[in-house]
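Q: I would like to learn how to read salt bridges, helix packing and exposure from a set of coordinates. Could we go through them one at a time?

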Amino acid sequence: MANLRRQKEALVNYFLAGCKTDGRMTVGLEVEHFITQADGTPVSFEQIQQVMQTLQQSGDVPVVMEGEYVGFYNDAYALSLEPACQLEISILPQPSVSRLMAVYEGFAARLHRALSKLGMRGYNLGYHPTRRASALPLIPKKRYEVMDRYFQKRGHHGMQMMRATASTQVSVDYFSEQDFVRKYRVACLIAPLLALLTDNAPVYEGEPNHTYSVRTSIWNDVDPDRCGIPPILMDEDFGFEKYADYILQKPLVVSRRGPRTEGVGRKSAFEVYPSSMGREEIEHVLSMFFFDVRLKSYIELRVADSMPAAYVAGYAELVKAVLSSPAAQDGILRHYAGVTVADIEAAKVGICCNGYKAQVYGRPVADEVAWLMAQAKSRVTTPDARRNLEPLAALAAQKKTIRETVTDYESL
């Protein structure tokens, strides 16, 4: 077990190094997009490479993995590919949501122009708009091939998750281990509400969808070792070491050493790596776990569907408002005192089944969404922030989801 102790120490030191010191929280953003040809036919790997090459500008740094061009990065964002050609922009952390959205909207405008010239379309949706998952091939990346085979034996929706889902992910800073624990628990407690607020999958497996939070249902049935809410969340000693210990002893599935990727099945990280891990190995291990809320050198909320820019802004503003306010966090922890991991998972299932008619933590979900929105509204202080919140707040007041109101699926 000496190796496990070394690995835990490496991860804990990585998490400690992620603690920001100035106390001013920044917010990061990732948005995934589906790209099709004008008639709805999914693009090929070669075609999505053409899209990225069209978008790449002077000064952008190309990324080549396993001999294939898979994106680029610059000093504002990185562009990359998810398993079945979903195009993802990852925007570097900014001090305000308005600055995040300025980067995103500038990119989206350029993407729309590029797609129009190439005879293609882009979509901000939680599920692929035109095809069943089985009709969407994976890009030629060994990591995805190995994961695809592994997940087929662990749950029933690994294929749908990898090939046909797209998300909006917001990340926030933490300033200490105690701050991490508080923010992480708060984020997990409100995750079912956030998934309902951002439900945006009007199509599922090529057919009109009338059920709630499809992505939540899919992720709940991929792999219990690495999805959902960590079972250690409410343990008294939950913190960096507990998180590290948990993921180091779960199956790693895929290992990475420099450019080399290989499948390792159910071997754990501390079994795979013979000595203390470097930064690259640590970041790979962390990336192989897909909890609703994930710890890296920041806290990443992963429950939201891909959605139009106005709702992305509102979602990011809501997350920032709540997780930048210790008073809001303490209020949420008091409001949901005694809630367990099982309660959170039950809330997710209830919302998937009943939407705004569900009960969460013993209360009507519509009331809880309204309460959460009130917490956010009371913490924003600028006109821009209030404007950003408004579209999502209006949906919450109507007890409607994005899926039920957006008719123009091509939202770029």
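A: Let us start with a salt bridge inside a helix, keeping in mind that this is a predicted model. Asp179 forms a salt bridge with Arg182, and the closest N and O atoms of the pair are 2.8 Å apart. Because the two residues are three positions apart in helix α6, Asp179 and Arg182 are separated by about one helical turn.

Q: Are Asp179 and Arg182 buried or exposed?
A: Both Asp179 and Arg182 are buried, a label that requires a relative accessible area under 20%.

Q: Which parts of the chain does the salt bridge between Asp225 and Arg154 tie together?
A: The side chains of Asp225 and Arg154 meet at 3.0 Å, N to O. Asp225 lies in the loop between α7 (214–219) and β10 (227–228), while Arg154 lies in the loop between α4 and α5, so the pair ties together parts that are 71 residues apart in sequence. Asp225 counts as buried at 9% relative accessibility, whereas Arg154 is partly exposed, with a relative accessible area of 28%.

Q: Which residues are linked with Arg154 in a network of salt bridges?
A: The network links Arg154 and Asp225 with Asp223, Arg226, Lys250 and Arg266.

Q: Where do Glu205 and Arg132, which form another salt bridge, lie in the chain?
A: Their closest N and O atoms are 3.7 Å apart, which falls within the 4 Å that the criterion allows. Glu205 is in the loop between β8 (203–204) and β9 (207–208), and Arg132 is in the loop between β6 (120–123) and α4, so that the pair links distant parts of the chain, 73 residues apart. Glu205 counts as buried at 10% relative accessibility, but Arg132 is partly exposed at 48%.

Q: How many salt bridges does the count come to?
A: By this rule, the count comes to 24 salt bridges.

Q: At what angle do helices α6 and α11 pack?
A: Helix α6 (residues 177–197) and helix α11 (residues 309–323) pack at an angle of about 155°, with their axes 11 Å apart, and that angle makes α6 roughly antiparallel to α11. The crossing of the two helices is right-handed. On the α6 side the contact is made by Lys183, Val186, Ala187, Leu194 and Leu197, and on the α11 side by Tyr315, Leu318, Val319, Val322 and Leu323. These residues divide into nine nonpolar, no polar and one charged.

Q: Is His156 buried or exposed?
A: His156, found in the loop between α4 (142–151) and α5 (158–164), is exposed, with a relative accessible area of 66%.

Key. Residues are numbered from 1 along each chain as its sequence is written. This is a predicted model: local features need pLDDT of at least 70, side-chain atom pairs count only at pLDDT 80 or more; totals for chains, interfaces and linings use all residues. Side-chain values use heavy atoms; hydrogens and water are left out. Helices (H or I, at least four residues) and strands (E, at least two) are DSSP runs, numbered from the N terminus. Buried means under 20% relative accessible area, exposed over 50%, partly exposed in between (1.4 Å probe, protein chains only). Axes are lines fitted to C-alpha atoms, for helices over the stretch in contact, and angles run from 0 to 180 degrees between N-to-C directions. Angles under 35 degrees count as roughly parallel, over 145 as roughly antiparallel, 65 to 115 as roughly perpendicular and the rest as oblique. A crossing is left-handed if the near helix is turned anticlockwise from the far one by less than a right angle, and right-handed if clockwise. Contact means heavy atoms within 4.5 Å. Ala, Val, Leu, Ile, Met, Phe, Trp, Tyr, Cys and Pro count as nonpolar, Asp, Glu, Lys and Arg as charged, and the others, Gly among them, as polar.
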